[in-house]
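Visitor: Got a minute to walk me through this one? I'd like to start with the strands.
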Amino acid sequence: MPNKLDKKILFFDIETAPLKIWSWGVWQTDAVAVDSDWYMLSFSAKWLDGGFTTKGLPDYASYKTDKTNDRELISELHQLMSEADIIIGHNGDNFDIKKTNERIIYHGLTPPEPYKTIDTLKIAKKYFKFTKNNLNYICERLGIGSKHETGGKDLWLKCIDGDMGSWKKMLSYNKQDVVLLEALYYKLRSWIHNHPVMTTLNNQCIRCGSSSVQARGRADKKNWHRYRCNDCGSWYQKKNTQELLNRITIHL
């Protein structure tokens, strides 16, 4: 039974169409001209211990008249982001969120309600030295699972052309990334020292909400103690209160 938390966490991942450009060479970094800019193909989002929302452009009525129109897709993602207190992605701060923001402002939408972010890529780089820091490598290394095979760029090109079989494969691929993302978050959670406080109840872990916590000595600040969660393994500091002392055995 999941613990009751005060904050709503949303995991999400997006897939985008490539730009069509003119270039003087295969490896040239600057385009001579852009024929068509990128747009969003799909997103997958999941609430912590909750349900999925995975959508692609063909799920909306506008796809019948314009296969590049992502306004309805963006509007739905915008609503989910507005409901979240915390949004989690792998490279989410630098890619998924900024890309989504670009489409939000492009369509004339206002910013989502304020939220905090956790980027599992940043956590991986800060606390560990994995051989590679991409989602697939880290999850395979930790025994979590693997991304779905796509067959390369052809999947994206076939989706752009409107192939429904390819769209089905794309959405499955997109959803699997979020399955891995949530599992990776659980692996990394106890290492995230600046993790937002998830509950204000004194007898619960501030990260996972478990009531199976132990006080483990005094912290540096006056009237503060260190605590360890027996469920998620997190260490944290919290101001001492009489109510907390009555409920938790202190090990000094």
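Guide: Sure. Keep in mind that this is a predicted model. β1 and β4 run antiparallel, joined by 7 bridges.

Visitor: Which residue in β4 is the bridge partner of Phe-12?

Guide: Ala-45 is the partner of Phe-12 there.

Visitor: And how do β1 and β6 pair, parallel or antiparallel?

Guide: Parallel, over 3 bridges. One place to look is Leu-10, whose bridge partner in β6 is Ile-87.

Visitor: How many residues of β1 are buried?

Guide: 8 of its 8 residues, so the strand is mostly covered. Both faces are covered. Ile-9, Phe-11, Asp-13 and Glu-15 are buried on one side. Leu-10, Phe-12, Ile-14 and Thr-16 are buried on the other.

Visitor: Back to β6. How does it pair with β7?

Guide: In the parallel sense, over 4 bridges. β6 covers residues 86-89 and β7 covers residues 116-119. Gly-89 stands opposite Asp-119 in β7.

Visitor: What does the chain pass through from β6 to β7?

Guide: Helix α2, residues 92-106. That β-α-β crossover is right-handed.

Visitor: Let's take a residue in that helix. Is Ile-97 buried or exposed?

Guide: Ile-97 is found in helix α2. It has a relative accessible area of 8%. Buried means under 20%, so Ile-97 counts as buried.

Visitor: What is Ile-97 in contact with, leaving aside its neighbours within four places in sequence?

Guide: Phe-12, Ile-87, Gly-92, Tyr-115 and Thr-117. Two of those names came up earlier: Phe-12 bridges to Ala-45 in β4, and Ile-87 is the bridge partner of Leu-10.

Visitor: How many residues apart along the chain are Ile-97 and Asp-13?

Guide: 84 residues, with their C-alpha atoms separated by 9.0 Å.

Visitor: Switching to pockets. How much space lies in the second largest pocket?

Guide: About 200 Å³.

Visitor: Which residues line it?

Guide: From the N-terminal part of the list, Phe-12, Asp-13, Ile-14 and Glu-15 are among them. The lining also includes His-90, Asn-134, Leu-135, Asn-136 and Lys-147. Tyr-173, Asp-177 and Leu-181 are in the lining too.

Visitor: Which elements give two or more residues to that lining?

Guide: β1 (9-16), α4 (135-141) and α6 (164-188). β1 gives the most, with 4 residues.

Visitor: What does the lining have by class?

Guide: 5 nonpolar, 3 polar and 4 charged residues.

Visitor: On to backbone angles. What is phi of Asp-49 near?

Guide: Near 55°, a positive value in a residue other than glycine. Asp-49 lies in the loop between β4 and β5 (52-56).

Visitor: Why does Asp-49 count as partly exposed?

Guide: Because its relative accessible area is 47%, and partly exposed lies between under 20% and over 50%.

Visitor: What about phi of Asn-91?

Guide: It is positive too, about 65°, although Asn-91 is not a glycine. Asn-91 lies in the loop between β6 and α2. At 25% relative accessibility, Asn-91 is partly exposed.

Visitor: And where is Asp-37?

Guide: In the loop between β3 (33-36) and β4 (40-47). Asp-37 has a relative accessible area of 44%, which makes it partly exposed.

Visitor: How far apart in space are Asp-37 and Phe-130?

Guide: 34 Å, C-alpha to C-alpha. In sequence they are 93 residues apart.

Visitor: One more residue. Is Tyr-227 buried or exposed?

Guide: Buried, with a relative accessible area of 2%. Tyr-227 is in strand β9, residues 224-229. The C-alpha atoms of Tyr-227 and Ser-146 are 34 Å apart, and the two are 81 residues apart in sequence.

Visitor: Let's zoom out. How many helices and strands are in the chain?

Guide: 7 helices and 10 strands. The C-alpha trace spans about 70 × 40 × 30 Å along its principal axes.

Visitor: What share of the residues count as buried?

Guide: 42% of the 252 residues.

Visitor: And of contacts between residues at least 6 apart in sequence, what share join residues at least 24 apart?

Guide: 62% of them.

Notes
Residues numbered from 1 in each chain as written. Predicted model: local features only at pLDDT ≥ 70, side-chain atom pairs only at ≥ 80, totals over all residues. Heavy atoms only, no water. 1 Å grid on protein atoms, 1.4 Å probe; cavity = no way out; pocket = protein on both sides within 12 Å on 5 of 7 lines; lining within 4 Å. Points joined across faces, edges and corners; volume = space filled by probe spheres on them. Nonpolar A, V, L, I, M, F, W, Y, C, P; charged D, E, K, R; others polar. Pairing = 2+ DSSP bridges. Right-handed = clockwise from strand over helix to strand, strands pointing away. Buried < 20%, exposed > 50% of the residue type's maximum accessible area, 1.4 Å probe, protein only. Contact = heavy atoms within 4.5 Å.
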